[in-house]
2 protein chains.
Amino acid sequence: MNNFTYYNPTKIIFGENTISRIVREIPSDAVVLMTYGGGSIKKNGTYDQVKKALKNYEILEFGGIEANPQYSTLMKAVELCRDKQVDFLLAVGGGSVIDGTKFIAAAVPFEGDPWDMPAKGAKVEKALPFGAVLTLPATGSEMNAFAVVSRKEIGKKLSFGAPPHTFPQFSVLDPSFTRTLSARQRGNGVTDAFIHVTEQYLTYPQGAAVTDRMAEGILKVLIDEGPEYVRESGDMKAAANIVWAASMALNGLLATGVVTDWATHSIGHELTVLHNIDHARTLAIIWPGMMKVMQEEKRDKLLQFAQRVWDVRAGSEQEQIEEGIRRTEEFFNSLQVPTRLSDYDLGEDTIDKIIENLKDNGFTALGEQKKVTPEKVRSILSHRL
Amino acid sequence: MNNFTYYNPTKIIFGENTISRIVREIPSDAVVLMTYGGGSIKKNGTYDQVKKALKNYEILEFGGIEANPQYSTLMKAVELCRDKQVDFLLAVGGGSVIDGTKFIAAAVPFEGDPWDMPAKGAKVEKALPFGAVLTLPATGSEMNAFAVVSRKEIGKKLSFGAPPHTFPQFSVLDPSFTRTLSARQRGNGVTDAFIHVTEQYLTYPQGAAVTDRMAEGILKVLIDEGPEYVRESGDMKAAANIVWAASMALNGLLATGVVTDWATHSIGHELTVLHNIDHARTLAIIWPGMMKVMQEEKRDKLLQFAQRVWDVRAGSEQEQIEEGIRRTEEFFNSLQVPTRLSDYDLGEDTIDKIIENLKDNGFTALGEQKKVTPEKVRSILSHRL
């Protein structure tokens with residue numbers, strides 16, 4: 001178990017009909033910028049609820065933050081904030097809106113080119129305070145200080161984070177906001193949360209028993225509740241547990257005391273950049289190949305995963321490991337999430353492009369042991385044709 | 001799953017040789033009062049390490065905070081703080097020192113009689129900032145805003161908490177500080193953490209799958225690592241996991257979305273007040289009786305506990321429930337923690353006194369369903385003779 005620092009000051013306000021509580025969290029004299037995406041919050045009633053809760057505030061709005069939020073879009077919001085002296089941001093949406101809002105919050109007081117934050121790791125000394133109202137459980141952005149932003153024109157999708165400045169001050173997690181989500185959004189969300197856990201858990205034994213047990217518990221919840229949630233039955237027990245599991249999956253706790261992987265994400269990001277595949281779906285494509293190819297390095301944890309998470313007990317250790325991987329891929333498919341490049345009509349020729357793009361971002365080897373070399377990436381992707 | 005608010009801003013600095021980092025957390029111009037207990041920190045080297053880390057600070061000291069910290073002792077520290085204009089407290093010790101320091105922190109700026117905070121739930125509007133260096137994993141006080149204080153002369157042991165004011169700003173969790181702990185302190189610590197989890201988990205099904213899985217995971221870690229830790233083998237993997245498990249057991253996460261019990265604690269406190277039995281040991285006495293007597297109310301969760309935590313699968317449901325309770329009592333005994341009143345030469349006559357004391361504190365019924373009536377308490381204690 002490694003030394004670690006854990007700090008997470010985001011206040012979680014969880015449950016149905018809790019949105020009115022945000023007035024206790026935002027200074028009453030604040031000029032608030034409400035950020036959102038393509039307008040689904042107007043259809044599902046969240047927009048109205050937020051406006052009602054903040055009726056005594058001076059509120060500006062910035063809609064149109066897209067999936068994989070774009071630098072060019074976000075910079076328009078930065079200008080607006082500087083112009084209108086906004087002093088509190090409220091992100092209403094899913095991971096893309098919250099990620100974009102983190103970038104805006106840090107960029108407003110940033111001196112220099114804000115793209116340097118993700119591109120060059122430029123030091124962020126402050127940020128506008130902000131909160132979030134989550135409408136789509138998936139990324140965990142509502143309870144961490146990290147964000148991914150994209151710049152289409154130069155083919156980049158990069159992450160940045162500046163804790164403690166870029167933690168949401170609060171996040172409202174109302175599971176009833178999931179009622180209007182499509183099966184696709186639900187399946188993606190469960191898959192995204194699942195792979196956030198495995199990126200931290202499926203490495204090698206590190207003696208971190210507490211962290212392992214928590215990771216296994218979150219995975220079991222996603223497996224137990226995911227299918228019901230994706231069936232859109234309106235079951236609020238399933239929705240509530242998926243919402244809380246997705247936040248717990250990436251709030252820092254599952255990284256306590258361990259070295260983490262994230263190679264699946266790095267490769268997946270390139271699939272999104274090149275082919276505009278939903279983030280979670282890129283992960284579901286890469287993951288089974290990653291586990292098969294990196295099986296030797298991850299052997300002990302893959303066996304623990306098969307036994308503790310999937311309750312696999314029959315067969316040799318090798319058979320158990322394979323069964324764990326097989327059941328996981330089957331689980332993604334059961335959520336209506338495809339797991340093959342061919343499902344997107346992609347073939348051999350995309351593999352070279354991905355490796356090229358990764359190298360262009362300075363990649364020599366990925367993963368918790370830096371053993372995912374370009375050759376391994378080729379092998380992983382070849383498995384996924 | 002109930003609505004909840006979760007907020008925990010304590011920064012955890014975890015690992016060996018991390019104590020020097022506290023200088024980043026305490027303002028350099030602060031007048032610091034270092035609080036501690038009976039002096040064990042001078043024998044085990046912690047005192048010297050803290051003094052070295054804070055060599056550039058103005059430091060005052062207040063030692064002698066006893067187990068079950070006493071109001072009269074703590075009020076001396078309050079006077080000292082007011083006199084010397086202390087503006088930061090650093091608790092170096094176990095749960096009693098940290099609890100006592102929380103009381104001091106809140107009492108210093110309190111207008112009126114500070115005993116009103118625990119006795120009358122008087123509103124606490126502010127507190128001195130403070131941090132902790134944990135030397136004994138058990139109570140979880142290092143990562144929550146709650147404290148228990150005692151007033152021997154009137155036979156009271158009462159809890160209070162004033163989040164966010166009484167959260168430690170940081171806590172250093174260095175597992176090597178456990179090296180000099182006795183087997184008794186270790187066994188008590190594991191037992192205390194275990195029952196903190198069950199007080200939140202062993203109620204009735206509340207649909208909180210994430211919370212349940214985390215609770216079960218923490219219990220499994222205590223079961224897996226506790227015996228090695230109590231053997232004093234010096235195994236730092238076991239110690240590190242026990243330290244982190246004890247903090248996780250009572251940092252608020254295991255209460256998310258659920259109604260909690262705490263009846264075992266309420267009764268146990270009276271055993272400490274009357275007979276000066278170590279806190280954890282009172283819990284180990286009460287717990288098996290509580291589970292047996294409240295079996296009907298807790299039936300579903302006791303079965304889940306037996307199956308998921310103890311992997312009991314054989315026999316009828318009733319037999320599985322009983323096996324889970326039996327194994328837990330056996331586990332406490334394996335940690336050298338006795339579980340009977342007779343182990344302390346106590347008999348029938350103590351039962352009346354406990355019920356009388358509880359009534360004196362306003363008790364009519366305890367537990368998550370308020371079904372632990374005075375008659376049930378009599379029955380629970382009769383089981384433990």
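Let's start at one small pairing: A:Ile13 has B:Thr5, in β1(B), as its bridge partner. Strands here are DSSP runs of E with at least two residues, while helices are runs of H or I with at least four, and both are numbered from the N terminus. This is a predicted model, in which local features need pLDDT of at least 70 and side-chain atom pairs count only at pLDDT 80 or more, whereas totals for chains, interfaces and linings use all residues. Residues are numbered from 1 along each chain as its sequence is written, and chains are lettered from A and ligands numbered from 1 in the order in which they are written.

Now widen the view. β2(A) and β1(B) run antiparallel and are joined by three bridges; two strands count as paired if DSSP finds at least two bridges between them. Strands of a sheet pair through backbone hydrogen bonds, either parallel or antiparallel. On to β9 (residues 170-173) of chain A: β2 (residues 11-14) of chain A runs parallel to this strand, with four bridges between them. A:Phe14, for example, has A:Leu173 as its bridge partner in β9(A).

Follow the whole sheet and you meet seven strands in the order β4(A)-β3(A)-β5(A)-β6(A)-β9(A)-β2(A)-β1(B), an open sheet with mixed pairing. At the edges are β4 (58-62) of chain A and β1 (4-6) of chain B, each pairing on one side only.

How do the two chains relate? A rotation of 180° with 0.0 Å of shift along its axis superposes chain A on chain B, with an RMSD of 0.0 Å; the fit is by least squares on the C-alpha atoms of residues with pLDDT of at least 70 in both copies. The copies are thus related as by a two-fold rotation axis. In chain A, A:Pro9 has the C-alpha nearest that axis, 2.2 Å from it.

Next, look at where the chains touch. Residues are in contact if their C-beta atoms, placed from the backbone, lie within 7 Å. Chain A and chain B each bring 33 residues to the contact. On the side of chain A that touches chain B, α7(A) gives the most, with eleven residues.

Finally, visit A:Ala138, in the loop between β6 and β7 (146-151) of chain A. Is this residue buried or exposed? A:Ala138 counts as buried because it has 28 C-beta neighbours inside 10 Å; the cut-off for buried is 20 or more other C-beta atoms within 10 Å, with C-beta atoms placed from the backbone. Its contacts beyond four places in sequence include A:Gly94, A:Asp192 and A:Ala280.

Note on methods
Buried ≥ 20, exposed ≤ 12 C-beta atoms within 10 Å, placed from the backbone. Contact = placed C-beta atoms within 7 Å.
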